[in-house]
Every structure is written in structure tokens, then in C-alpha cells.
Amino acid sequence: MIEIKPDIYYVGVKNPDMRIFDVFFRTESGTTYNSYLIVGKEKIALIDTVKEPFRDEFIKNVEEIVPLEKINYIITLHHEPDHSGALKYILEKSNARVVISKTAGLFLKQILHRDANPLLVGDNDKISLGNITLEFIQAPFLHWPDTMFAYIPERNILFTCDFLGQHFSDEAIYNDESRDFTYAFEHYYKIIMRPFKDYVLQAIKKIENKNIDMIAPSHGMILRKDPWKYVDLYRTWSTPKPRDYRRALVFYASPYGGTGKLANSIAKGLADSGVYVEIFDLAGTVIDDSLLDLIENSDALIVGSSTLNGDAIKPVWDLLSSLTTINMRNKIGFAFGTFAWSGEAPKFIENRLKDLKLKVPETSFRAGIIPTEEDLQRAAEMGKKLAGYIIGPSSSVPA
Ligand SMILES: Cc1cc2nc3c(=O)[nH]c(=O)nc-3n(C[C@H](O)[C@H](O)[C@H](O)COP(=O)(O)O)c2cc1C
């Protein structure tokens, strides 16, 4: 039992052996499911629960402090199963009222398979536990639509759900007592929060004038030393970086070089029109964090593949399936490639670019096995046309 502030207890569970979270997220140091029990003079509230398989240890932690039936409120800051998995077990043994954000009703029903008559709270709504007040702050899309924070003004503590969290587990629970977790903090932001930069900045605006000396996220270390340092890092990472030039990236997969020739011609057309272009042969390109940073910080993604067995080539799909952590909206997209008989790849790529919410103003471009001079000329002209959309006012892009 750890009292992190007077009347506020850490009752979370550690999972140091986890190596992959949510199937795709590597976690070299495991993770924790943080939960907090607040024992007010009149009422008792639990903030979040834990992933379902860890419920027994969790319930034991809570019951070291109070029997479950004494809990009056369970605050669910969002409904991802790693924090709501044990909820139904607590509800079976208590008459606690579930407190959720106004947008979370449907999620709660999907988890409990019944109407639990939750208390819906919005920005600045408060619940009194007697001597302690819980204030709620809506923080949508950080990283689920229903996410909210809870703030206790009498204790200067902010509970931030996944915001400022880390998949990291240590003997310690505080940032000033643990091993270095810089990488886990950065990586969590990149994988989980990066698509929602605007929402990150909006949430920071809502908390920046509050007295906060401890931030308690739902994963990883509690930030009690320099909590604002971590908020400032999120602010820096989420603030757009101004550029005084336009950048297009051209990626291609081309076993026999034809699609590569088209790529170079499109790139030349773009460059001749004043766009800064970088060109990547996907055969030798590693899709890592720095490449994703570059894509995020570019205005256009132009992707070519020859058609092999009725499809685009795998490295193209590897690239196109790696972009979900980046907001691609408003970037210009274009697809191209050579083919011999059916030529599906450019259309498939074009559709994927549209699904990723890029603007794709021109129909994809195809050429035969060995592009002719005329094909290359057409490709260069297409590069110039695309430059017009990239440099021109956004109104020049057809809806
Ligand atoms: C293994 C293999 C499978 C292919 N399958 C198709 C196909 O399904 N449809 C098609 O139009 N062309 C197909 N082709 C032909 C290529 O798309 C064509 O040769 C193309 O121009 C190669 O482009 P590149 O020079 O950029 O590699 C295939 C070629 C290979 C080697």
C-alpha cells in the first residue's frame, strides 16, 4: 500500500514481463496498470481499474485499504480494456456509481453489456468526497474519444489517463526513484499520442494554469519530480514546425527499374517547379522513427509500385501500413507504376492514400514494361502538376 498524497493511494498492478502491448507496441521494460484510490472523509473513489487478468492482485491492493463495498465512485478516465477490464468485478461487489465522460456511455455499455446508470461528467464538473474534490477535464482523443482527466485541487494532483504515460515498469513508482525511462516516455508519445497533436495542445491549455505538483498517469511512473517538464515535452513535440519550403517524398518499388524511372521523372517535374524532393527506393529503405518524422514533416507522399501478381509489392504495403501514427490529412498523394498486363498496383495505392485521408487530386499514372520517352515526359509533367497542388492554395485541390 503506497500513499502518494494524503488520502490518495496507489493500488495499481505491475506487469514487468510484458514485451508486446496491443500486439504491435514493443515494451522492453513491461508496463503497469495504474489505479488510484481516494479516501475522502465522506466518500471513496477509485480512479480506473486494471486489465482483466490482473484483477485478483488489484482487488487485493484495494482491499488492503478499504473493502470493495465501501467504494462510492469508480472514475473511468477512458474505456480501453487495460484500464476498464476489472471494472465489472468491482461492480459485482460494490454499489459504486461509475463516473464517465459524456461521450463514453456507449463504450461502458459495450464493456458491461448492461446500462449501469453512470454519472456523466463534462468540463469543470465536480464530485465532492467531503474534504476532497474531484474536478473533471475533458481531454478527447488522448487517445480515445472519451478520455478525460481528473484533478484534485486540495492535493495539487492531476490524473491524466494515458496522457504522459509510459509502458515502463520498475521497482519504484515515482519518476525520481526509477531507472531512466526517457525512451519509454518518448516512444509512448510517438506510438499513441502523435496522431492527436492538436488535441494534446488543447489539453495542455486546459491544465496549464492549475496548481499541479504531481501527475499520475495510467501507465508507468508517477511524475512527482518536475511534472511540468513532461508537459513541456509534449507541448514541444506537438507544436507544428514551420518550414519556408514545400517538401515532397517519392517512394518506389521497382524490381526491373521501370517504375524507378517514372519516379525520377516525377521528382524532376516537382523539383523544376520549386518543390524540395527526396526520393526513396523502398528496396533499401528502413521504415523507422526518423523516416516517419520526415513523412510527417512533408507536404506530399508520392508512391510507385510495379504490379506483381496482381498487387503492389510488399515494401509498399509495409510503408503504407506504417502511417497510422501520423496525421496524413491534407498532404497531397499520388500513385504510379509500370505493368505488363493487369496493372492493379497504382489503383490500390491510390485507394489506400485516400483511405489515409490524403488529398489525391490526380488519377494514378501507369506505363508499360519499359517506359517510353513520352511516358517519362508525361511523368515529369505530372510532377509539375502535383507541384501546383503542393505549392498552390489548398483551394486548388479538387475536393
Ligand atoms: C513475378 C512477377 C509477377 C508479375 N505480375 C504481374 C501482374 O500480375 N500484372 C501485371 O500487369 N504485370 C505483372 N508483372 C509484370 C511487371 O509488372 C512489369 O514487368 C513491370 O513493368 C515491372 O516494373 P519494374 O521495372 O518497375 O520492376 C509481373 C512481373 C513479375 C516479375
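**Figure 1. Surroundings of the ligand in the predicted model**. In this predicted model, the ligand is surrounded by 18 residues. The closest of these are Ser 254, Tyr 256, Gly 258, Thr 259 and Ser 306. By class, the shell around the ligand consists of 11 polar and seven nonpolar residues, with no charged residue.

**Figure 2. The parallel five-stranded sheet and helix H12**. Five strands make up an open sheet with parallel pairing, in the order E18-E17-E19-E20-E21. Strand E18 (276-281) and strand E21 (365-367) occupy the edges; each has a single partner strand, so one side of each lacks a neighbour in the sheet. Direction ignored, neighbouring strands of this sheet are turned by 15° against each other on average. Helix H12 (residues 373-391) packs on the sheet and touches strand E17 (247-253), E19, E20 and E21. The direction of helix H12 makes about 170° with that of E20.

**Figure 3. Pairing of strands E19 and E20**. Strand E19 (residues 300-305) and strand E20 (residues 332-338) run parallel and are joined by five bridges. Within this pair, Ile 302 stands opposite Phe 334 in E20.

**Figure 4. The mixed seven-stranded sheet**. An open sheet is formed by seven strands in the order E1-E2-E7-E8-E9-E10-E11, and its pairing is mixed. At the edges are strand E1 (2-5) and strand E11 (119-121), each of which pairs on one side only. From one strand to the next, the twist averages 30°. The parallel sense is represented by strand E8 (residues 44-47) and strand E9 (residues 73-75), which pair over three bridges. In this pair, Tyr 73 in E9 is the bridge partner of Ala 45.

**Figure 5. Strand E7 and its two antiparallel partners**. Strand E2 (residues 8-10) runs antiparallel to E7 and is joined to E7 by three bridges; here Ile 8 stands opposite Ile 38 in E7. E7 and E8 also run antiparallel, joined by four bridges, and Leu 37 stands opposite Leu 46 in E8. The hairpin formed by E7 and E8 has four residues between the two strands. In a regular strand, side chains alternate between the two faces of the sheet. In E7, Tyr 36 and Ile 38 point one way, whereas Leu 37 and Val 39 point the other way. All four of these E7 residues are buried.

**Figure 6. Ser 35 in the loop before strand E7**. Ser 35 is found in the loop between strand E6 (31-33) and strand E7 (36-39). Ser 35 counts as buried because 27 C-beta neighbours lie inside 10 Å, against a threshold of 20 or more. Neighbours within four places in sequence being left aside, Ser 35 is in contact with Val 11, Gly 12, Leu 46, Ile 47, Asp 48, Thr 49, Val 50 and Phe 58. Ser 35 and His 219 are 184 residues apart along the chain, and their C-alpha atoms are separated by 9.0 Å.

**Figure 7. Ser 101 in strand E10**. Ser 101 belongs to strand E10 (residues 97-101). Ser 101 is buried because 29 other C-beta atoms lie within 10 Å. Apart from neighbours within four places in sequence, Ser 101 is in contact with Val 121, Gln 138, Asp 146 and Met 148. From Ser 101 to Lys 70 the C-alpha to C-alpha separation is 23 Å, with the two residues 31 apart in sequence.

**Figure 8. Contact between domain 1 and domain 2**. The domain assignment divides the protein chain into domain 1 (2-238) and domain 2 (247-391). The C-alpha centres of domain 1 and domain 2 are 42 Å apart. Five residues of domain 1 are in contact with four residues of domain 2. On the side of domain 1 that touches domain 2, three residues are charged, two are nonpolar and none is polar.

**Figure 9. The protein chain as the setting of the close-up views**. The protein chain contains 12 helices and 21 strands. Its C-alpha trace spans about 80 × 40 × 40 Å along the principal axes. Of the 399 residues of the protein chain, 45% count as buried. Among contacts in the protein chain between residues at least 6 apart in sequence, those joining residues at least 24 apart make up 70%.

Terms used: Residues numbered from 1 in each chain as written. Domains from an automatic or database assignment. Contact = placed C-beta atoms within 7 Å. Nonpolar A, V, L, I, M, F, W, Y, C, P; charged D, E, K, R; others polar. Pairing = 2+ DSSP bridges. Axes fitted to C-alpha atoms, helices over the stretch in contact; angles between N-to-C directions. Near = placed C-beta within 6 Å. Buried ≥ 20, exposed ≤ 12 C-beta atoms within 10 Å, placed from the backbone.
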